[in-house]
Amino acid sequence: MSEKKVWFITGAGRGMGVDIAKAALAAGNAVVATGRNTAAVADAVGEADDLLVVKLDVTSRADAEAAVQAAAERFGRIDVLVNNAGNFYAGYFEELTPEQIERQLATSLLGPMNVTRAVLPVMRKQRSGQIISISSGAGLVGFEFCSAYAASKFGLEGWMESLQAELVPFGITTTIVNRGFFRTELLTKESVTYAEPSLEDYADRTAEQLRWWEAQSGQQPGDPAKLGRALVAITGEEPPPHRSIAGADARGLAEQKVADLQAQIEAYRDLSTSLALDELEPGSAR
């Protein structure tokens with residue numbers, strides 16, 4: 001196994017996770033492909049000598065620990081963790097139930113934390129490793145109808161950026177992948193849950209949003225197979241990037257975000273720099 005990297009990929013039963021697993025295998029790596037349904041993972045990824053399929057529901061800490069233990073027993077190490085598993089609860093904040101928001105955060109934010117917590121002792125012992133978390137354009141910019149999803153991705157990015165500083169001494173790196181629209185199954189009826197319309201004030205906009213989102217399914221411009229190969233390339237870079245913008249649409253969002261931030265900084269520069277405590281006059285009461 002000395003010439004290979006061992007990849008541990010979540011959400012490898014469908015969508016982008018399948019393409020990432022296939023790309024890693026095609027590049028000569030070993031892969032631990034995980035998902036809630038191991039039969040679906042095995043069918044999707046196919047057969048390979050250096051493939052291990054393991055059950056993993058990322059919302060379960062016990063599942064995460066068992067999956068990592070199985071990976072370590074089979075391959076002896078984990079070099080690349082790809083936090084890919086996710087879901088999508090779409091709707092206006094007031095119409096999403098608290099339970100739906102909790103499920104969004106449980107899978108897309110707490111899930112990567114569960115898996116990473118289980119993997120880190122292996123990587124620290126190695127004094128090496130790379131953690132890749134799949135974020136979104138919605139991790140850079142908040143969107144109408146996406147408040148729960150954006151909350152999970154903004155949280156993911158803040159956690160990942162902080163984790164990078166914590167893990168540098170152990171030779172472990174982190175990479176956030178801000179992906180745009182890729183032609184995966186995220187927008188299919190099996191993967192997306194829409195809030196139940198309940199407030200008349202949102203009715204017209206909800207109908208318009210539903211038409212728009214349903215029309216996007218199967219029309220996304222990004223090729224997930226190319227993204228899988230791009231991630232393989234990223235793991236070969238030294239050092240790997242802390243952030244990867246994936247897709248022309250995501251690049252446009254990132255550039256607009258930078259421009260908007262700069263404009264806000266300049267617009268309120270005098271106000272923001274006038275907020276320090278005034279120096280006390282000599283001899284004044286303290």
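This report describes the central sheet, its helical packing and an internal cavity in a predicted model.

**Sheet architecture**

The model contains an open sheet of seven strands, paired in parallel and ordered E3-E2-E1-E4-E6-E7-E9. Strand E3 (51-55) and strand E9 (243-246) stand at the edges; each has a single partner strand, so one side of each is left without a neighbour in the sheet. From one strand to the next, the twist averages 15°.

Within this order, strand E4 (residues 80-83) pairs with E1 and with E6, as set out below together with the pairing of E6 and E7.

| Strand pair | Bridges | Direction |
|---|---|---|
| E1 and E4 | Three | Parallel |
| E4 and E6 | Four | Parallel |
| E6 (residues 129-134) and E7 (residues 172-179) | Six | Parallel |

Individual residues show how these strands are in register. Val 80 of E4 is the bridge partner of Trp 7, and Val 80 also stands opposite Gln 130 in E6. Further along the sheet, Ile 131 stands opposite Thr 174 in E7.

**Helices on the sheet**

Two helices may be described by their contacts with the sheet. Helix H2 (residues 38-45) packs on the sheet and touches strand E2 (30-35) and E3. The direction of helix H2 makes about 155° with that of E3. Helix H3 (residues 61-75) likewise packs on the sheet, where it touches strand E1 (6-9), E2 and E3. For helix H3, the angle between its direction and that of E3 is about 160°.

**Burial of strand E4**

Strand E4 is covered on both faces. On one side lie Val 80 and Val 82, and on the other Leu 81 and Asn 83; all four residues are buried. Val 80 thus combines a buried position with the pairing to Trp 7 and to Gln 130 noted above.

**Internal cavity**

A search of the whole structure finds one cavity of 30 Å³ or more. The volume of the largest cavity is about 30 Å³. Asn 83, a buried residue of E4, belongs to its lining, together with Ala 85, Ser 108, Pro 112, Ser 133, Ile 134, Lys 153 and Leu 156.

Helix H4 (98-126), strand E6 and helix H5 (147-167) each supply at least two residues of this lining. By character, the lining residues divide into four nonpolar, three polar and one charged. Strand E6 therefore appears in two settings, since E6 is joined to E7 by six bridges and also contributes to the lining of the largest cavity.

Note on methods: Residues are numbered from 1 along each chain as its sequence is written. This is a predicted model: local features need pLDDT of at least 70, side-chain atom pairs count only at pLDDT 80 or more; totals for chains, interfaces and linings use all residues. Side-chain values use heavy atoms; hydrogens and water are left out. Two strands pair if DSSP finds at least two bridges between them. Axes are lines fitted to C-alpha atoms, for helices over the stretch in contact, and angles run from 0 to 180 degrees between N-to-C directions. Contact means heavy atoms within 4.5 Å. On a 1 Å grid over the protein atoms alone, a cavity is a set of points where a 1.4 Å probe fits but cannot get out, and a pocket is an open set with protein on both sides within 12 Å along at least five of seven lines; lining residues have an atom within 4 Å of a point. Grid points are joined across faces, edges and corners, and a volume is the space filled by probe spheres set on the points. Ala, Val, Leu, Ile, Met, Phe, Trp, Tyr, Cys and Pro count as nonpolar, Asp, Glu, Lys and Arg as charged, and the others, Gly among them, as polar. Buried means under 20% relative accessible area, exposed over 50%, partly exposed in between (1.4 Å probe, protein chains only).
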